Amino acid sequence: MTDDLDPKRLARLLDAVARLPRSVDPNPAVWEAIRNRIEARRVRPIAASPAGADTIVRRAPWLAAAAVVLMAASSGLTALLLRVRPATPTDRSPIAAMPAAGQASGPSARPPAVAGGSADSARSPVTMPLPQVLPASASTADLVFSRYDAAATELATELSARRARLNPQTVAVLDTCLRRIDAAIAEARSALRADPGNAVISELLTVSYRQKLDLLKRAADLPLGSL
Amino acid sequence: MRTLRSLALFAALSWRLSAQEQVSRSYALSAEGSVRITNLTDSGSIRVIGWDKDSVAVAGTIARGSRFFSGGGYQGIKIFVDLDKNGFTRVAGMSDLVVRVPARARIWLNTAMADIELSAVSGQVDVMAVGSRVRVQGTPSELRAETMNGDVEVTASPTYLRLKTATGHITWNGSSEDVALTTVSGKIVITGGTVNRARFESIDGDIRFSGGVTKSASVTFDTHGGDVTVLLAKDTDAWVESSGAPSDLFGKRSRPSAERASRETNYATVGKPVEAGARIVVRSFKGRVTASLQ
């Protein structure tokens, strides 16, 4: 096909192409308009919530704190688990080729999901609840779980302030559930003290704490007065 | 006597009718617009039905002593029922609404005690409730539903599914790419389909799974004291492990331990899983674990 081209015209074309600038800036006026449109979209009105716009703002630090505690606790636990968990399954296992529980490919290796999803963890900035004073001999697990306790205590304090204005039936359900979770936590922590390296108990304890924090957060989100 | 009974019945019926106010509204709405429904009254029901029209139709009755609002634009509609704190001192009757929405609409439902029923919807759905019973049937692309003590029943196969209760039971029939079902003390019952990435958690509620997993599935069961029953489809290929409480995996029992703290992990395989194939992990503190083939 190039055989049909006039060599002189082709040379001129190549010469003209070579003189073209390597980049071209857009017209500044056009770019200004585009940028204005982008900026306008960044500012979105907050959806009106009849019961709770101010409540959300007021609770934001607690919720953010709880989310961060969950993330911190998950990281701590992951570190703990990686430290105590054997790298490969025991010889008793009939599936020696199976990926070890601590490896990233397995479900148990996933960090515990933050209760409430990413939307909760997006609520920042953050003040980390300080754990209670722990003895120097406290283990990593003690430190991690004391942070869960601190977050739960703060959320429970807020729930106490709202308790009188919630439906009694709802409060009864909450109390029952919290008692069950606390019993599970106490039992698991006792077992973990007896067997500090037990990763399964640590995982289950994390699940129980996560459920407790999630329940308290949901209770804090309940609309007042109308229930 | 019969006359008296008739009069009493008539009076009761009249009171019941007068205790409620009829509502009927309709709005144009984009096929993928959003619908936000809030009912903060103590009782009643909301039925949301998807239809093949670009409009929203609200019909039903509102309890006397409640307030009803609705409005919005082509991209979004809000419907709100609340107690009229400045009007009647007591709510009489129940607020029962039927809301027809474009099938692909984005739906938010927020209720206190009103029961919820969704059907024929195919968009994203979010339900936040306290004591409501929640029932969903249809093909929602994503579904999140939370209640405290209400039961949740879902017959659907959304790509993304999150169901959460405190004491309410969770019943799910379907398949999902990514699912998490969580309860404190309610029962979780999963039947039917296939899951890929799944997490089932309870404190002391029993968990029963009956279905299949994909070839690369990652399925986790965590419970403190609930019994876990896993019934896998016959053609399943998966690694299965159970840690914590004594377990019976396809007839293979975990070794009894003299000391409770030294918990054994029980391993088994189903079918012919490849090395990075499907993996099912059960962790139970003290609930019994049983796995078998259907």
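**Two chains, one patch and a few salt bridges**

Okay, let's start on the surface of chain A. A:Leu10, A:Leu13, A:Leu14, A:Val17 and A:Leu20 come together there as a nonpolar patch, and their accessible area adds up to about 460 Å². Before I go on, a reminder that this is a predicted model.

So where does a member of that patch sit? Take A:Val17: its place is in helix α1 of chain A, which covers residues 7-19. Is A:Val17 buried, exposed or something in between? With a relative accessible area of 44%, A:Val17 is partly exposed, because the buried class stops under 20% and the exposed class begins over 50%.

The spacing of the patch is worth a thought. In an α-helix there are 3.6 residues to a turn, so positions three or four apart point the same way. Keep that in mind when you look at A:Leu10, A:Leu13, A:Leu14 and A:Val17, which are among the patch members.

And the helix itself? α1(A) is hardly covered, with a count of zero buried residues among its 13. Its length agrees with expectation too: 13 residues at 1.5 Å a residue should span 18 Å, and the end C-alpha atoms of α1(A) are 18 Å apart.

Let's zoom out to the whole of chain A. What is it built from, in helices and strands? Chain A has seven helices and zero strands, so if you walk along the sequence you read α-α-α-α-α-α-α. It has 227 residues, and 39% of them count as buried. Chain A exposes about 13,100 Å², with carbon and sulfur atoms supplying 59% of that. Now look at contacts between residues at least 6 apart in the sequence of chain A: 74% of those join residues at least 24 apart.

Now over to chain B. Here the secondary structure comes to one helix and 25 strands. Chain B has 294 residues, of which 53% count as buried. Its accessible surface is about 12,800 Å², and 51% of that belongs to carbon and sulfur atoms. For the contacts in chain B between residues at least 6 apart, the share that joins residues at least 24 apart is 45%.

With that many strands, let me show you how a few of them line up. Strand β9 of chain B, residues 115-121, runs parallel to strand β11, residues 134-138, and five bridges join the two. One example is B:Glu117, whose bridge partner in β11(B) is B:Arg135. Then β11(B) is joined to another strand, β13 of chain B, residues 152-155, by four bridges, again running parallel. There, B:Val136 has B:Val154 as its bridge partner in β13(B).

While we're on β9 of chain B, one of its residues is B:Ala120. Its phi is near 60°, a positive value in a residue other than glycine. B:Ala120 counts as partly exposed, at 43% relative accessibility. B:Phe250 also has a positive phi, about 55°, although it is not a glycine. You'll find B:Phe250 in the loop between β21 (247-249) and β22 (252-253) of chain B, where it is partly exposed with a relative accessible area of 27%.

Last topic: salt bridges. Side chains of opposite charge can pair when their charged atoms come close. How many salt bridges are there over all chains? The count is 23.

My pick is the one where the side chains of A:Arg210 and B:Glu201 meet, at 2.1 Å from N to O. This pair crosses between chains: A:Arg210 is in helix α7 of chain A, residues 199-221, and B:Glu201 is in strand β17 of chain B, residues 188-202. Both residues are buried, with B:Glu201 at 2% relative accessibility. B:Glu201 also forms a salt bridge with B:Arg199, with the closest N and O atoms 3.0 Å apart.

There's a network as well, in which salt bridges link A:Asp214, A:Arg218, B:Glu146 and B:Lys164.

And one within chain B to finish: B:Arg67 forms a salt bridge with B:Asp82, where the closest N and O atoms are 3.3 Å apart. B:Arg67 lies in strand β5 (residues 66-72) and B:Asp82 in strand β6 (residues 76-83), so the pair ties together parts that are 15 residues apart in sequence. As for cover, B:Arg67 is partly exposed at 29% relative accessibility, while B:Asp82 is buried at 6%.

Terms used: Residues are numbered from 1 along each chain as its sequence is written. Chains are lettered from A and ligands numbered from 1 in the order in which they are written. This is a predicted model: local features need pLDDT of at least 70, side-chain atom pairs count only at pLDDT 80 or more; totals for chains, interfaces and linings use all residues. Side-chain values use heavy atoms; hydrogens and water are left out. Patches are made of residues with over 30% relative accessible area and no salt bridge: like charges are joined within 9 Å, nonpolar side chains (Val, Leu, Ile, Met, Phe, Trp, Tyr) within 5 Å. Accessible areas come from the Shrake-Rupley method with a 1.4 Å probe; for residues, only the protein chains shown count as cover. A salt bridge is a side-chain nitrogen of Lys or Arg within 4 Å of a carboxyl oxygen of Asp or Glu. Buried means under 20% relative accessible area, exposed over 50%, partly exposed in between (1.4 Å probe, protein chains only). Contact means heavy atoms within 4.5 Å. Two strands pair if DSSP finds at least two bridges between them. The expected span of a helix is 1.5 Å times one less than its number of residues.
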